[in-house]
Amino acid sequence: MREDILSEVLRSVSLSGAVFFDVAASSPWVAEAPAAALLLPLVMPNAQHLIEYHVITSGFAWATLIDSPEAPVRLAPGSVIMFPQGDPHALSSRPQMRAEPNVGLFAQPAELSPPFYIEQFGGGPEQTRLICGFLGCDLLPFNPVIQALPRMVHIPDGYTAGDGWLSSLIQAIMTESRRQRVGVDSVLARLSELLFIEVVRSHMESLPDEATGWLAALADPLVGRIIRLLHEHPQRAWTLDTLAREAAVSRTVLVSRFTDRVGVAPMTYLCHWRMQMAAGKLTRGAASIAQIASDVGYESEAAFSRAFKRSTGLAPGAWRSRRMAEGA
């Protein structure tokens, strides 16, 4: 059930892979990435949000969140480090090294295809090989996956995590990035999407029982059941009373448990999910706004339009026009 809902949400937020860099570095070396919002127009101009990740295929490195109290993380071979919120960060041969971000590096000529090979020679004996990639996705109206992930997700040993599946993905990425076969950019894009999903699943499996947030909530017997019902039947005229009856608990227990786990009340969550569904229908189809309103559980087009504008800042028709113009 958790995986089905995760898949549904990832489909709804238009997850897609992008540019790859294959990097060979010799110590001492450091590469600093600015906030992903600065790279978005260069890497994935049609996406709302940019996720960066790095895979250490050989050697060692350190990952540092810029302007953060979090300690640097040591990356061993097979490590996957991901920055879901798009925070500025640095990778280096020693902890706490800094460098001026080279934004121009990401403005690769249109006639070239990824992966782009980069060599950083510091003259030292320690060699590190890593692959850097990007994923685009929507944040609005609602992306509970990105909201639930920490600023930095580290899978210490991708060669053994996930019963070998993550290792298979890493190996496939390494092979594709170095063989330069026909269609390599499309294959790498799909592999990066699978890598992201596997990292999220590994992160979910590592969460303690007392963890909060949307990903942890999916495993909660009560809250997970309510989320499943809202996703399976978003058009139903849900009330707190009907949800409480389905869950066989009081309204007070339902609201308290759901809010503690997810961060918002059940009816607020339902509204968020309805708006995300509506945004997809507006972007990808030709259904009328009245039909979309009905599909996501609103009896009147006016009520739906007001809710959608509160959520996105745009009326449904304006949202559709903007997304079509962006080529979403």
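Student: Does phenylalanine 134 count as buried or exposed?
Tutor: Keep in mind that we're looking at a predicted model. Phenylalanine 134 has a relative accessibility of 2%, and buried means under 20%. With that 2%, phenylalanine 134 counts as buried.

Student: The structure holds six aromatic pairs, so to speak of one, what kind do phenylalanine 21 and phenylalanine 134 form?
Tutor: Their ring centres are 6.4 Å apart, with 80° between the planes. Planes over 60 degrees apart fall into one class. The pair of phenylalanine 21 and phenylalanine 134 is therefore edge-to-face.

Student: How many residues apart are phenylalanine 21 and phenylalanine 134?
Tutor: Phenylalanine 21 is in strand 1 (residues 16-26), and phenylalanine 134 is in strand 9 (residues 127-137). The pair links distant parts of the chain, and the separation is 113 residues.

Student: What is the relative accessibility of phenylalanine 21?
Tutor: Phenylalanine 21 counts as buried. Its relative accessibility is 4%.

Student: At what angle are the ring planes of phenylalanine 142 and tyrosine 269?
Tutor: Here the centres lie 5.4 Å apart, and the pair is edge-to-face. Their planes are at 85°.

Student: Which helix holds tyrosine 269?
Tutor: Phenylalanine 142 is in the loop between strand 9 and helix 3 (144-148), 127 residues from tyrosine 269. Phenylalanine 142 and tyrosine 269 are both buried. As for tyrosine 269, the element is helix 10 (residues 266-284).

Student: Which ring has the charged end of arginine 274 over it?
Tutor: Ring pairs join Tyr298, Phe304, Phe308 and Trp319 in a cluster. The charged end of arginine 274 is 5.5 Å from the centre of a ring, and that ring belongs to tyrosine 298.

Student: Let's turn to the strands. Which strands stand at the edges of the open sheet of four?
Tutor: The order is 2-7-4-5, with antiparallel pairing. Each edge strand has a single partner strand, so one side of each is left without a neighbour in the sheet. The edge strands are strand 2 (30-33) and strand 5 (73-75).

Student: Which residue does tryptophan 62 stand opposite?
Tutor: Strand 4 (residues 61-65) pairs with strand 7 (residues 89-92) in the antiparallel sense, over four bridges. Tryptophan 62 has its opposite residue in strand 7, and that is serine 92.

Student: On to charges. How far apart in sequence are the parts tied together by arginine 129 and aspartate 22?
Tutor: The two form a salt bridge, with the closest N and O atoms 3.0 Å apart. Arginine 129 lies in strand 9 and aspartate 22 in strand 1, so the parts they tie together are separated by 107 residues.

Student: Which helix holds glutamate 198 and arginine 201?
Tutor: Their side chains meet in a salt bridge of 2.7 Å, N to O. Glutamate 198 is buried at 5% relative accessibility, whereas arginine 201 is partly exposed at 28%. They are three residues apart, which means about one helical turn, and the helix is helix 5 (residues 184-206).

Student: Which residues are linked with Asp220 in a network of salt bridges?
Tutor: The side chains of aspartate 220 and arginine 261 meet in a salt bridge of 3.1 Å, N to O. Aspartate 220 is in the loop between helix 6 (214-217) and helix 7 (221-232), while arginine 261 is 41 residues away in helix 9 (residues 251-262). Both are buried. The residues networked with Asp220 are Arg257 and Arg261.

Technical notes: Residues numbered from 1 in each chain as written. Predicted model: local features only at pLDDT ≥ 70, side-chain atom pairs only at ≥ 80, totals over all residues. Heavy atoms only, no water. Phe/Tyr/Trp six-rings, centres within 6.5 Å; stacked < 30°, edge-to-face > 60°. Helix = DSSP H or I, 4+ residues; strand = E, 2+ residues; numbered from the N terminus. Buried < 20%, exposed > 50% of the residue type's maximum accessible area, 1.4 Å probe, protein only. Lys NZ or Arg CZ within 6 Å of the ring centre and 35° of its normal. Pairing = 2+ DSSP bridges. Salt bridge = Lys/Arg side-chain N within 4 Å of Asp/Glu carboxyl O.
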